[in-house]
Structures are given as structure tokens and as C-alpha cells.
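This briefing walks through one protein chain, topic by topic. Keep the viewer open while reading.

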Amino acid sequence: MADRVYPSAKPNPQPPQALNGGSGGGAGGAPSFPPTKGQTYGATLPAYRPQPRKQPPPRRRSRRGCCCSCCLWLTLIIVALVFLAAIAAGVFYVIYRPRRPTFEVDGLRLSAFNVSGAGQLTSRLDLNVTARNPNAKIVYLYDAASISVFSGGVDVGDGSFPAFVQEAKNTTHLGAKLSAPSGQTLDSTSASDLRKKTSLPLEIAVDTKVGVKIGGLKTKKMGIQMRCEGISIGVPKGKAAPVASSPNTACKVKLRIKIWKWTIS
């Protein structure tokens, strides 16, 4: 009877190819851990999707920057306007050569002067003034002028000149009769001083408005003041009317600009 050979009860170990995922061990075997290099590179990775870039918030211009820009432009505009005005004034001066009008007192008589015991002042004066326009292309347009004559701060005579137009290179003679303001009562000190005086130092003030005409252009009228000082006249005695001892007195002319409640001269 032949002997039978039985297989060993201990199974043979799995070949290395099957353990390493080779073709000999079958494709359905479990993958080894850790994965091999071939498994790592062969695995399917998710597609890369770039994230959208966030736009930075818009920059806000600060109020300070806006104010600085506005101030800069305003300053440039003002400088430009001043520059243009200076050019225009220079051209005007070269073409027209403007000069101020001149005034001169060429006659003053005091025909009556009396201070009563109650301090009432009575006076009569005759005033003659010569106005000259030295410009060759400029015409002056005068409103009616108010006249006041003072002696030591006391108003001794008021009157007026009529309105008139003074052409270029023209000389105009003006006359007015003056008298002390009615209802004026002097204090005892002023009344006593005036009674003792034999001559009166006088100061004449004339206020009016004048405009300028150049060709067909007329400007707005502005205030001017004429002041004549250094005049002295004797107090009349009897019927003789004394004449001022300082005839042909030149007067100063000042421009008076009124801004709201203030007057600048």
C-alpha cells in the first residue's frame, strides 16, 4: 500500500507581490499602510479653485484735505484778481492821469456877529470858493454841498453850495451866504470868550459827494470833505464888514468812505 502525503496544516505566507499590490496577488487586495510612493502620486486630488481677491474699500478724502484745496484755490483766485486790478489801474493812470480837484477860499466877509446875554449867537458871512478841475479827460459831478464854519469849536455859520457839473480843465466859482444855526445856545464860558474877541480864527468844512464821468461811463458818487484852516477875520464894529486876513487859502480834500456804520476819511 502506497503512502499518502498530506499537505501541511500551516498555510504558506502571502507572496511579497500580493502584499505590495503587484499583479500576481490580484488587484482586489487591500492597500498597504503606509501607502507606497506609487499610491501617493497616483491618487486623484481635488481641483484648485483660486479664491476671489477682495477689493480694498475706497479711500475717503478727509475734510481737512478738501478745506486745504479750497483755501489754495481761493487764495490763487484772489491773487489773480488783485493782479488784474493792479494792471487795470496802471493802464487807467497812464491813459487819463487822474488828479484831485482843488478848492481855494478867495473871499470871506463877516457882516454881522453878536452874542446876546442869553448865549444866542447871530452872524452873517459871505463865502466865495474857487474849484478847479486839473484833469484833461475827466468830468466831476458834484452833489449839493453843506458848509459849516467853526471858531474854537463853536459853529458860527452854516450854508450850502448848489450841485454842479465841472467839465475837464474847468474853473468854477461858488458863492454862499452863511448864518449861525438857529436855536443854538452857547454855554457861559464860550459866550464870554466870543464877546471878548476882536478877531476870530476860522475853520471851514465842506461835505459833499462827487462822481466821475469818463466818456460815456459814470462812476458811483463818493463822499469827500474839504477843510480850510488858517483863516482869521475881524469882528465887525459898526457898519463896516471886515474881510478875512488870509485870502486865497488852499483847502485840503479828503475822500470819505462809509462802510456800514463807520466813515473812513
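How many salt bridges does the structure hold? There are three. The model is predicted, and every value below is computed from it. One disulfide is counted as well. The UniProt annotation "transmembrane region", from an unreviewed entry, covers residues 72-96.

**Salt bridges**

- Lys177 pairs with Asp126, with the closest N and O atoms 3.2 Å apart. This contact links distant parts of the chain: Lys177 sits in strand β7 and Asp126 in strand β2 (residues 121-132), 51 residues apart.
- Lys177 is exposed at 69% relative accessibility. Asp126 is partly exposed at 28%.
- Lys221 pairs with Asp143, and their closest N and O atoms are 2.5 Å apart. Here too the pair links distant parts of the chain, 78 residues apart. Lys221 is in the loop between β9 (217-218) and β10, while Asp143 is in the loop between β3 (139-142) and β4.
- Lys221 is partly exposed at 32% relative accessibility. Asp143 is also partly exposed, at 27%.
- Glu203 pairs with Arg227, the closest N and O atoms being 2.0 Å apart. Glu203 lies in strand β8 (residues 199-214) and Arg227 in strand β10, so this salt bridge ties together parts that are 24 residues apart in sequence.
- Glu203 is partly exposed at 23% relative accessibility. Arg227 is partly exposed at 26%.

**Cysteines**

- Cys228 and Cys251 form a disulfide, with sulfur atoms 1.8 Å apart. The link is right-handed, with 100° about the S-S bond.
- Cys228 belongs to strand β10 (residues 222-234), and Cys251 to the loop between β11 (249-250) and β12 (252-259), so the disulfide ties together parts that are 23 residues apart in sequence. Both cysteines, Cys228 and Cys251, are buried.
- Cys68 is in no disulfide. Its nearest cysteine sulfur belongs to Cys71 and is 6.6 Å away. Cys68 is partly exposed, with a relative accessible area of 48%.
- Why does Cys70 not bond to the closest cysteine? The sulfur of Cys67 is 6.5 Å from that of Cys70, too far for a bond; the cut-off for a disulfide is 2.5 Å. Cys70 is exposed, at 54% relative accessible area.

**Annotated span and nonpolar patch**

- Residues 72-96 are 100% helix and 0% strand. The end C-alpha atoms of this span lie 36 Å apart.
- A nonpolar surface patch is formed by Ile77, Leu81, Phe83, Leu84, Ile87, Val91, Tyr93, Val94 and Ile95. Together these residues have about 900 Å² of accessible area.
- Ile95, one of the patch residues, is found in helix α3. Ile95 is partly exposed, with a relative accessible area of 46%.

**Hairpin and backbone**

- Strands β4 (residues 145-151) and β5 (residues 154-161) pair in the antiparallel sense over seven bridges. One of the pairings joins Ser151 to Val154 in β5.
- β4 and β5 form a hairpin with two residues between them. Gly152, in the turn, has a positive phi of about 60°.
- Arg97 has a positive phi, near 50°, although Arg97 is not a glycine. Arg97 lies in the loop between α3 (63-96) and β1 (102-115).
- Lys169 likewise has a positive phi without being glycine, near 55°. Lys169 is in the loop between β6 (164-166) and β7 (171-179). Lys169 is exposed, with a relative accessible area of 58%.

Conventions: Residues are numbered from 1 along each chain as its sequence is written. This is a predicted model: local features need pLDDT of at least 70, side-chain atom pairs count only at pLDDT 80 or more; totals for chains, interfaces and linings use all residues. Side-chain values use heavy atoms; hydrogens and water are left out. UniProt positions are given in the numbering used here, feature names are shortened, and annotations may be inferred rather than shown by experiment. Helices (H or I, at least four residues) and strands (E, at least two) are DSSP runs, numbered from the N terminus. Two strands pair if DSSP finds at least two bridges between them. Buried means under 20% relative accessible area, exposed over 50%, partly exposed in between (1.4 Å probe, protein chains only). Patches are made of residues with over 30% relative accessible area and no salt bridge: like charges are joined within 9 Å, nonpolar side chains (Val, Leu, Ile, Met, Phe, Trp, Tyr) within 5 Å. Accessible areas come from the Shrake-Rupley method with a 1.4 Å probe; for residues, only the protein chains shown count as cover. A salt bridge is a side-chain nitrogen of Lys or Arg within 4 Å of a carboxyl oxygen of Asp or Glu.
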